[in-house]
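Here's a quick walk through a few parts of this protein, from helices to a pocket to some odd backbone spots. Have the model open while you read.

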Amino acid sequence: MPVNTPRRAVVAGAGLAGTLAAAVLAEDGYAVTVIERDRLPTGPAARKGVPQARHAHLLWSGGARTLDSLLPGTTDRLLAAGAHRIGVPSMLVSMSAQGWFQRHPDGRQFLITCSRDLLDWVIRDQALSAGDIDVRDTTDVLELLGDATRLTGVRIRDQQTQIIEDLHAEFVVDATGRGSHAPEWLTRLGLPAVREEIVDSGLAYATRLFRAPATATHSFPVVNVQADPREPRPGQTATLLPIEGDRWLVTLSGTRGGEPTTDEDRFVEFARRVRHPIVGDLIASAQPSGPVIGSRSTVNRRRYYERLPRWPHGLAVLGDAVATFNPIYGHGMSVAAHGVAALRDGLRKHHHDPQAAQKIQQVIARTVEPAWLMATGQDILYPSAIGRRPPAAARLAQRYFERMMRTGISRRAVAYALLDVFSLSASMRSLLSPRIVLETILGPKRPPPSEPPLTAEELSV
């Protein structure tokens, strides 16, 4: 009797994008091998290859819903493990460049806040039990096998034994994140150089964990003081997130020339020096539960794989390997989830199409676009920012967006429309609906509040 040999797939990278991609490929009938350079922890713990994990991470509702469509029950598992569901705008105390937003009743959107370690572990535990998936950690991917027309697998090296091995596969996913070597791998196959764009505001992060006061462990808002990139000085921000374990995760940031300190004795002082001192005031008497951790992995970088004239059959590049964003906007994880959903839908739609991989990569690029425009449109405005200045049409769109932000402070419909887009739940075209355009032209009903809109109970902490 003939024996049916399963199709084989390799996923490089066991982060959020990689483990989700492994689950999708297994669901499509592939026997999947995940190659990971780090040793994977058995629970919610840190790993070397995700240095940015210590800092504030937001999972917007558009990403959370996409995660649940890929791995049903993921959000419920996160909440059961201690993550917080933050309704927006009711539980969001945010000072934008235009002022404090009002806390209207919740619309359709929300945030999930927790440590990155918890989120990665819950997703990894769910995804890697989803089918025929084998994980090989402490292993490096050295190069792609095949040619510019079709991939046949990857070459790997075990870090312990230094043994080099060729893994043959019909499909390969690169989800190795910011350090991806895909551009070099593709040029070795005979493809032209991949165009890359960078917008760098010189942002640095400093993060510390605190024990939440006993009166603020179960229901406390996200508190965020943003910079105004139009001001002729470095942009500095402060963000407080309630996370699992009755803790507050506080991240401070500053662009080039205004970077935050990692000195523990000056952490609160910096938090009080941003545009409003509320975050510093909230943590001034809170008990720290760890050291101050710094990071500079904040560059907006995009690689335009979809513009290559040819694309090898059997390859997809996902997540941070395609685009990285200033983490302050909280879009990276949601964009990665949308990219994996594009992979899933493309595998279903183009099952026998020899151009399937190229079509999938083009859709992945479209999932990147909204978050890229929002992040770079703001970051390029900071003094000393490095990157290509936007054309006149983009600057006009930016002015319209800024007016919308001012209007959304006091007009509820505009606020909800902005949150639909910012949560990656709706297309940016929705901001051009007749009602939203009219209300934006009319402008705000009233000036923004002069102080953060915290309740008396919240202030009592």
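Helices and strands here are DSSP runs, with at least four residues for a helix and at least two for a strand, numbered from the N terminus. Keep in mind that this is a predicted model.

Let's start with the second largest pocket, which holds about 860 Å³ of space. Helix H1, strand S9 (139–146) and helix H8 are the elements that give two or more residues to its lining. Of these, S9 gives the most, with 4 residues. The lining counts 49 residues, and Gln52, Thr176, Gly177, Arg178 and Asp320 lie nearest the centre of the pocket. By type, the lining residues split into 20 nonpolar, 19 polar and 10 charged.

H8 is worth a look in its own right, and H4 sits well beside it in a table.

| Helix | Residues | End-to-end C-alpha distance | Expected span | Buried residues |
|---|---|---|---|---|
| H8 | 332–349 | 26 Å | 26 Å | 13 of 18 |
| H4 | 116–127 | 16 Å | 16 Å | 10 of 12 |

So for H4 the span agrees with what 1.5 Å a residue predicts. H4 is mostly covered, and its buried residues include charged-looking names you might not expect on such a list: Arg116, Asp117, Asp120 and Arg124 are among them. What do the buried residues of H4 pack against? Their partners are helix H1 (16–27), strand S3 (58–60), helix H2 (61–70), helix H3 (74–80), strand S8 (133–136) and H8.

In helix H2 you'll find Ser61. Is Ser61 buried or exposed? With a relative accessible area of 0%, Ser61 falls under the 20% cut-off, so it counts as buried. Its side chain makes a polar contact with the side chain of Gln109, at 2.6 Å. Setting aside neighbours within four places in sequence, Ser61 touches Gln109, Phe110, Ser423 and Ser425.

Now for the backbone. Most residues other than glycine have a negative phi, and most peptide bonds are trans. Here are some spots that go the other way. The peptide bond from Val88 to Pro89 is cis, with omega near 10°, and Pro89 sits in the loop between strand S4 (84–87) and strand S5 (92–96). Gln162 has a positive phi, near 65°. Gln162 belongs to the loop joining strand S10 (151–158) and strand S11 (164–168), and is partly exposed at 48% relative accessibility. Ser384 also has a positive phi, about 70°, and lies in the loop between helix H9 (356–379) and helix H10 (392–408).

Note on methods:
Residues are numbered from 1 along each chain as its sequence is written. This is a predicted model: local features need pLDDT of at least 70, side-chain atom pairs count only at pLDDT 80 or more; totals for chains, interfaces and linings use all residues. Side-chain values use heavy atoms; hydrogens and water are left out. The expected span of a helix is 1.5 Å times one less than its number of residues. Buried means under 20% relative accessible area, exposed over 50%, partly exposed in between (1.4 Å probe, protein chains only). Contact means heavy atoms within 4.5 Å. On a 1 Å grid over the protein atoms alone, a cavity is a set of points where a 1.4 Å probe fits but cannot get out, and a pocket is an open set with protein on both sides within 12 Å along at least five of seven lines; lining residues have an atom within 4 Å of a point. Grid points are joined across faces, edges and corners, and a volume is the space filled by probe spheres set on the points. Ala, Val, Leu, Ile, Met, Phe, Trp, Tyr, Cys and Pro count as nonpolar, Asp, Glu, Lys and Arg as charged, and the others, Gly among them, as polar. A polar contact is a pair of N or O atoms within 3.5 Å; within protein, one must be able to donate a hydrogen and the other to accept it, and residues adjacent in sequence count only if both atoms are side-chain atoms.
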